[in-house]
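Visitor: Could you take me on a close look at one part of this model, the place where the two chains meet? I'd like the salt bridges in particular, and then whatever else helps me get my bearings.

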Amino acid sequence: MNIRLSLTVNDESRELLVPVHKTLLEVLREDLDLIGTKHGCELGECGTCTVLVDGAPVLSCIALPADLQDSDITTVEGMADGSRLHPLQQAFAELGAAQCGYCTPGILLTAKALLADDPTPTRQRIREALAGNLCRCTGYTKILDAVELAALRMGQRPVRAMT
Amino acid sequence: MSKRFTVVGQPLPKIDAWGKVTGDTRFADDMVLPRMAFGKLLRSPHAHARVRAIDTARAKTVPGVYAVITGADLPRVKFGILPVSQDEEALCTEKVRMVGDAVAAVAAVDEETADRACRLIDVDYEPLPALMSIQESLAHPEVRIHEYGDGPNVHKNVALQFGDVEAAFAASDLVREDVFFYEGNTHLPMEQHAAVAHATADGKLTLWSSTQTPHYVHRLLARILDMPAAHIRVIAAPVGGGFGGKLDPFAHEIAACRLSQLIGRPVKIACTREEVFYIHRGRHPVLMWIKTGFTKAGDITGCHLKTWLDGGAYGSYGVASTFYTGVINPVTYKMPVYKFEGARIFTNKPPCGPKRGHGTPQPRFALEVQLDKAAEQLGLDPADMRRRILVEPFTKTANHLTVTTIGLGECIDKVVEASGWRDKVSRYRAAAEVDAPKPLWQPRRRRGVGIACSSYMTGAGTAIYWNSMPHSGVVLRADRSGGVTVLCGATDIGQGSDSILAYLVAEVLGLDPKDVHVHPADTSLTPVDLGSYSSRVTLMCGQAAIQAAERLRSAIFKAVAAKLDVDAGALAMRERKVGVPDDWEKAVDFARAVELGEAMHGVLAFAGSYAPPKRAGKYKGGGVGPSPCYSYTACVVELSVDEDTGEVELHDVWIGHDIGRALNPLLVEGQVEGSVYMGIGEAVMEAQVFRKHVHKAPSMLEYKSPTTLETPEIHTMLVETDDPEGPFGAKEAGQGPLLPVMPAIANAIYHAVGVRVDEIPITPEKVLKGLELKRQGKAARVGPDRVPLFTFKQPLVVESAFGAPAEAIAVRPFSDTPS
């Protein structure tokens with residue numbers, strides 16, 4: 001059975017007709033070609049597929065779009081403001097917080113939600129916020145550093161683009 | 001005099017970082033081609049069974065199914081990554097040897113249809129007894145998992161002896177014998193393996209795969225599919241984490257290729273997380289017996305090590321793994337005589353293979369914990385004891401390995417200093433001896449510190465298949481635009497190999513890394529690189545890239561020299577210009593210089609090649625262990641142990657790593673931090689274990705790995721030794737820093753609560769058991785206390801080469817550079 005979906009994805013209105021059992025992850029990757037959202041388990045265990053639904057982190061692999069009618073979804077493709085990267089993206093690139101980069105989109109979005117909630121989080125608060133996002137490459141150190149750097153910069157002034 | 005660099009040593013972003021933070025990076029499963037079909041493998045539910053018949057008739061009738069294949073649809077070829085262990089089939093025809101062995105594959109219009117069709121394939125199995133441990137496999141020689149090997153269910157049996165260890169023990173002040181066990185664990189890359197195959201009407205085949213070794217996959221596919229290698233193209237997609245888990249040719253890759261050939265459409269097979277746990281090729285469970293002699297001063301007089309590896313169902317890299325449990329041990333401390341016996345046993349479990357550190361974390365754990373015990377018996381500080389007995393630079397080890405530079409002394413000094421070791425060692429020990437009663441509602445936690453050291457290869461000295469060709473090649477093409485293109489078979493698995501290539505070429509040519517375009521890991525375009533394993537890529541591809549860049553530079557210098565009417569030897573390249581440093585106003589732009597070069601020489605394309613110096617010991621087995629140079633690491637861990645729950649909380653890890661030269665310190669730190677993290681997971685959490693033939697925890701939730709909350713602060717300190725073998729002096733960083741973490745944790749736990757857990761992982765249950773034994777006044781040790789009844793081979797006796805001077809400058813093939 002198909003269902004008509006109405007979603008706002010990265011500030012664009014999307015109308016879709018998809019099988020009712022399709023997950024948000026599948027709709028994003030397969031129907032909207034937003035392959036920036038990755039998957040590590042498809043069981044809601046690793047945090048890789050995290051996207052924002054109305055600003056809150058959601059595991060897209062276990063979210064059903066049928067439950068999310070008219071909601072506002074942000075994926076990693078929607079983080080940058082045009083060609084200007086989000087300070088988190090900038091900091092992750094500069095500090096080497098993305099090694100293989102597979103967990104990166106999910107972590108960026110989780111961190112984005114954290115900074116919206118708490119613009120000056122302690123390192124422990126960042127650890128707690130990211131505890132549901134597994135990363136096997138970095139040992140998390142550079143990820144924590146990058147979130148701290150982004151928070152610092154967001155509290156000050158817009159980031160200059162790297163040349 | 002220190003070298004001056006412009007790019008090398010800078011903490012630059014990786015060249016692919018931007019794609020990774022924006023979602024642009026296309027991993028294998030992100031690949032979508034028109035008309036693409038989706039494949040699925042049917043895997044065995046039995047750990048050991050004969051396959052009597054497979055009936056695919058019902059599956060073929062499912063609407064949307066394009067093809068169903070079994071082993072009968074593939075050439076009857078057994079394969080394996082090592083020439084000596086050709087024991088795998090993509091789709092098993094006669095027998096399955098583990099739960100998860102593939103027996104059939106389906107291609108269909110979508111994944112759901114393929115999955116439904118798989119369930120309609122009827123396989124008639126005749127179950128056989130399953131052997132799930134080393135002990136069971138040795139106790140049941142009448143049940144044979146394979147028909148080859150060094151004995152019933154014995155894959156490999158090796159014994160090497162360098163000098164007379166018994167005489168050394170007789171002359172020792174202290175001789176210790178200890179038994180250790182290191183449980184298996186798995187890589188757990190965040191990206192599940194995926195492959196897309198596209199067989200085209202011209203009879204050619206392209207495979208995109210999340211593989212760490214497109215070259216070996218390319219070679220093996222030709223054999224497995226019985227078609228010319230020249231008509232196969234293998235492209236490694238950016239790999240979402242490897243750690244050694246994507247180094248074999250796999251059933252899903254082969255099935256995707258065959259299905260695509262049959263149906264004339266591209267076919268994608270993406271593995272589920274559960275499948276990845278069964279694909280495995282991870283850390284071998286290893287039981288170890290180690291006997292070491294010491295003098296009163298703490299010198300090692302000799303060492304005898306026996307290892308038993310639980311190999312799982314197939315050979316994979318297992319012969320190499322077996323050697324690696326023995327051969328790297330003598331590289332760290334002076335060990336005048338050495339004897340090593342090792343055996344790899346087949347069991348009906350997913351095959352083990354090369355996880356980060358390949359075969360060396362297990363014996364490293366044994367040696368470093370034993371050293372700690374010896375230091376205590378001898379009344380020596382464990383840091384000072386290690387510091388005194390380090391291998392001398394530019395000498396050979398007992399087993400004929402050549403050590404070049406060694407910065408381990410400085411690494412120890414740095415971690416001892418930064419951690420406050422001397423103060424904490426005495427203070428925490430004193431606190432541990434005071435048995436202050438505390439109210440029951442207060443947690444009883446005790447702090448401890450522990451130290452351990454290690455060393456690791458910077459690239460294997462020999463290839464997997466014997467040959468005299470380069471291990472790494474680079475083709476460099478200069479463009480009239482001023483850009484430079486690098487073609488190299490290297491596979492970026494997140495470690496940053498693409499970036500290293502760009503940095504090194506930019507350094508030599510005076511460019512910005514942004515001017516360098518890197519095209520990696522495509523067997524139709526790029527010269528061979530053997531693969532991302534054994535920490536070989538930075539050194540080998542790096543040297544090849546430097547050689548190619550120097551050749552390009554020479555050609556351009558010649559043309560610019562003619563133009564400026566100066567001597568080519570007077571020219572330099574920097575800031576995207578070519579000119580005489582003392583007359584820099586006349587320097588020409590790099591793009592202009594390329595035009596001059598092209599006008600003089602024709603197209604500017606140059607190759608660079610690298611093969612390691614030929615230093616293999618002249619004895620059978622001497623090919624495993626040699627490396628151009630070895631990295632060194634020292635680690636101090638501070639933790640606390642909860643005496644009520646047995647839980648271990650890690651507070652800080654100080655890690656000093658001899659990197660030779662940090663080509664990009666940011667990337668090196670990242671490798672070190674990631675290694676420490678992975679070591680922590682192995683030390684206290686992770687275990688690839690089985691119950692009733694199936695994996696006990698085949699999911700990310702059940703297979704516990706450290707999150708941000710369990711990972712402590714990691715303090716990385718780099719030591720630069722400028723090794724003559726490395727590109728601009730660099731050594732490896734991706735594996736070595738994992739090695740000392742587990743023993744440092746075990747030693748810190750002992751320091752905190754006086755309990756020896758001689759077994760990895762160190763779970764709260766084991767710590768509690770040790771504390772209970774301590775309370776009962778018994779030896780507070782938890783771990784194995786016996787070894788299997790097993791006869792090793794007569795050892796190959798070779799004279800110890802310990803202390804012999806190394807050739808100052810090793811002869812390296814392909815190292816001639818035209819002036």
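Guide: Let's settle one term up front: a salt bridge here is a side-chain nitrogen of Lys or Arg within 4 Å of a carboxyl oxygen of Asp or Glu. By that rule, there are 65 salt bridges over all chains. Keep in mind that this is a predicted model.

Now to the contact itself. Chain A puts in 47 residues and chain B 51 residues. About 4000 Å² is buried between chain A and chain B, with carbon and sulfur atoms giving 58% of that area. On the chain A side, the residues that lose the most area to chain B are Gln99(A), Arg127(A) and Arg136(A), which together make up 21% of what that side buries.

As for polar links, eight salt bridges run between chain A and chain B, and the count of residue pairs in polar contact between them is 32, both residues being at pLDDT 80 or more. Which helices of chain A supply at least two residues each to the side that touches chain B? They are helix 2 (87-95), helix 3 (104-117), helix 4 (123-129) and helix 5 (141-156). Helix 2 of chain A gives the most, with six residues. Sort the residues on that side of chain A by kind and you get 21 nonpolar, 16 polar and 10 charged.

Two of the arginines just named deserve a zoom. Arg127(A) meets Glu713(B) in a salt bridge, at 2.7 Å from N to O. Arg136(A) pairs with Glu686(B), where the closest N and O atoms are 2.8 Å apart. That second pair crosses between chains: Glu686(B) sits in the loop between helix 17 (665-684) and strand 28 (690-691) of chain B, and Arg136(A) in the loop between helix 4 and helix 5 of chain A. Are these two partners buried or exposed? Glu686(B) has 0% relative accessibility, so it counts as buried, and Arg136(A) is buried too, at 1%.

For a contrast, try a pair inside chain B. Lys577(B) and Asp589(B) form a salt bridge with their closest N and O atoms 3.0 Å apart. Lys577(B) belongs to strand 23 (residues 577-579) and Asp589(B) to strand 24 (residues 588-589) of chain B, so the bridge ties together parts 12 residues apart in sequence. Here Lys577(B) is partly exposed, with a relative accessible area of 28%, and Asp589(B) is partly exposed at 43%. Salt bridges that share partners also make one network out of Arg29(A), Lys38(A), Asp29(B), Asp30(B) and Lys268(B). Within chain A, Lys22(A) and Glu30(A) meet in a salt bridge at 3.2 Å, N to O, and Lys22(A) is buried, its relative accessible area being 13%.

One last stop, in chain B: Asn348(B), in the loop between strand 15 (338-346) and helix 10 (361-378). With 1% relative accessibility, Asn348(B) counts as buried. A polar atom of the Asn348(B) side chain lies 3.3 Å from the backbone oxygen of Ala47(B). Setting aside neighbours within four places in sequence, the contacts of Asn348(B) include His48(B), Arg97(B), Met98(B), Pro129(B) and Ile145(B).

How values were computed
Residues are numbered from 1 along each chain as its sequence is written. Chains are lettered from A and ligands numbered from 1 in the order in which they are written. This is a predicted model: local features need pLDDT of at least 70, side-chain atom pairs count only at pLDDT 80 or more; totals for chains, interfaces and linings use all residues. Side-chain values use heavy atoms; hydrogens and water are left out. Helices (H or I, at least four residues) and strands (E, at least two) are DSSP runs, numbered from the N terminus. Buried means under 20% relative accessible area, exposed over 50%, partly exposed in between (1.4 Å probe, protein chains only). A polar contact is a pair of N or O atoms within 3.5 Å; within protein, one must be able to donate a hydrogen and the other to accept it, and residues adjacent in sequence count only if both atoms are side-chain atoms. Contact means heavy atoms within 4.5 Å. Buried area is the accessible area (1.4 Å probe) that two parts lose on being put together, summed over both. Ala, Val, Leu, Ile, Met, Phe, Trp, Tyr, Cys and Pro count as nonpolar, Asp, Glu, Lys and Arg as charged, and the others, Gly among them, as polar.
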